Amino acid sequence: MNVIKRLMSRRTDIGLNFSDSGVRAVSSGRFSADGVNLLTLQPAGVEEHRLYDNLRYSVPIVDAALQKIIRLTGGYRVVCSDPRWQEELDRFVEEVSVGIGGKSLYAFTDAFLDSLLTYGSAAGELIVDTGTGNVLGLAPIDTERFLCKAGANPCDRVYFRREGEQWIPAEDPRFVVYSALNPSERCPNGQSVLRGLPCISAVLMRIYECIGQNFDRVGNVRYAVTYKPSDSGEMAFAKERAQQIAKEWSDGMNAMRCGEVRDFVAVGDVDIKVIGADNQIIDTEVPVRQLLEQIVAKLSVPPFLLGLTWSSTERMSSQQADILTSELEYYRRQLTPVIRQICEVWLELLGGTGTVAVEWDNINLQDEAVLAEARLHNAQAALIERQLAE
């Protein structure tokens, strides 16, 4: 009974009171310290950005997939149409400060893409010295404190930043970069790639939570020692003998923790069983894989890049790589206008002339091999045509 009382008191401690919001108390495994569900919006409401942050924190495979996308997007080179400014432009791209912890334009675009994927929109600003007109650095903007609205013309952008409880217009929109992912009429500020995953992830976390509880109950072996008096004479001393058996059993278990092997000797009919030995832990491989397939399909990342050893043929892996390449090309198209705007504003402030173009690296070595093979075939075809013409 004491054990049961302790367990019940523990469940009372970790239970959460949602009497105000109309939600009944549940296990605290999916809840933060202040009682906010990590994966679903409560009636009291939490910001959608906070929901996606908690989703990446709670489901490692989601965070890993987004990090893979950012790294696989690859590098780039910014080319100025005026060769006289190319060296200065390269130095700016390599050495510009990004916030307090980053350096180079590549670090800024990585953070920009991370925000774009997670929240559906991303913003940043150029920090400009008003006296000299030099760009001192780049700073990402927290999207919760940033707002973009349409101006008098539906295509005009008006930027606002929240200071306390007020929204203040941006002083110079030229120094603000902004992009939205998959904007629509209902969601003009973009949509996160994680949209639709909280429900699936909540079920997945529930399965993992139950697996942990089952291992606490079954995996941690506990014993039931039962003493059965054989006659009425032994029943008179049943309490004393039960206490003696309990003491000897406890001494044997403590000695085993210290590396000492001690036998357990008892008199009478004593039965020892493992609690829960007859029970089997439910096989969760199939439901977990089904849920992971939904997550992988939403993020468009091949399973083998996430360490998921699912059976696949060589042709299937090649097709998955092609699909990922098209996804990365789409994200590159989102970043290209941002890179060009930053570099052209920098060039304008220095009095430079010309335009800026972004040349992206090939995504992987397989693309290099395919391009090299294509050039070889074209050269061979051209050689054969010249020989036939002669």
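Start by selecting Tyr 76, Tyr 106 and Trp 360: in this predicted model, these three form one aromatic cluster. Got them on screen? Good, because there is more of this kind to see: a search of the whole structure turns up eight aromatic pairs.

For one of the pairs, pick Phe 92 and Trp 346. Are these rings stacked or edge-to-face? Their centres are 5.0 Å apart and their planes sit at 20°, so the pair counts as stacked. Now colour the helices: Phe 92 belongs to helix H4 (residues 86-95) and Trp 346 to helix H10, so far along the chain that 254 residues separate them. Show the surface, too, and you'll find that both Phe 92 and Trp 346 are buried.

Next, jump to Tyr 159 and Tyr 178. With ring centres 6.1 Å apart and planes at 55°, this pair is tilted. Tyr 159 lies in strand S7 (residues 157-163) and Tyr 178 in strand S9 (residues 176-180), 19 residues apart. Both tyrosines are buried.

Time for the core. The largest nonpolar core holds 61 residues, and Leu 105, Phe 108, Leu 126, Leu 194, Leu 299 and Ile 342 have the most contacts inside it. Which helix gives the most to this core? Select helix H10 (residues 314-349), which supplies 11 residues.

Now zoom in on Leu 299. Leaving out residues up to four places away in sequence, Leu 299 touches Val 62, Ala 65, Leu 66, Ile 69, Val 193, Leu 194 and Leu 197.

Last stop: apart from the largest core lies another one, of eight residues. Select Ile 141, Phe 146, Cys 148 and Tyr 159, which are among them.

Technical notes: Residues are numbered from 1 along each chain as its sequence is written. This is a predicted model: local features need pLDDT of at least 70, side-chain atom pairs count only at pLDDT 80 or more; totals for chains, interfaces and linings use all residues. Side-chain values use heavy atoms; hydrogens and water are left out. A nonpolar core is a set of buried Ala, Val, Leu, Ile, Met, Phe, Trp, Tyr and Cys residues joined through side-chain atoms within 4.5 Å. Buried means under 20% relative accessible area, exposed over 50%, partly exposed in between (1.4 Å probe, protein chains only). Helices (H or I, at least four residues) and strands (E, at least two) are DSSP runs, numbered from the N terminus. Contact means heavy atoms within 4.5 Å. Rings of Phe, Tyr and Trp (its six-membered ring) pair if their centres lie within 6.5 Å; planes under 30 degrees apart count as stacked, over 60 as edge-to-face and the rest as tilted.
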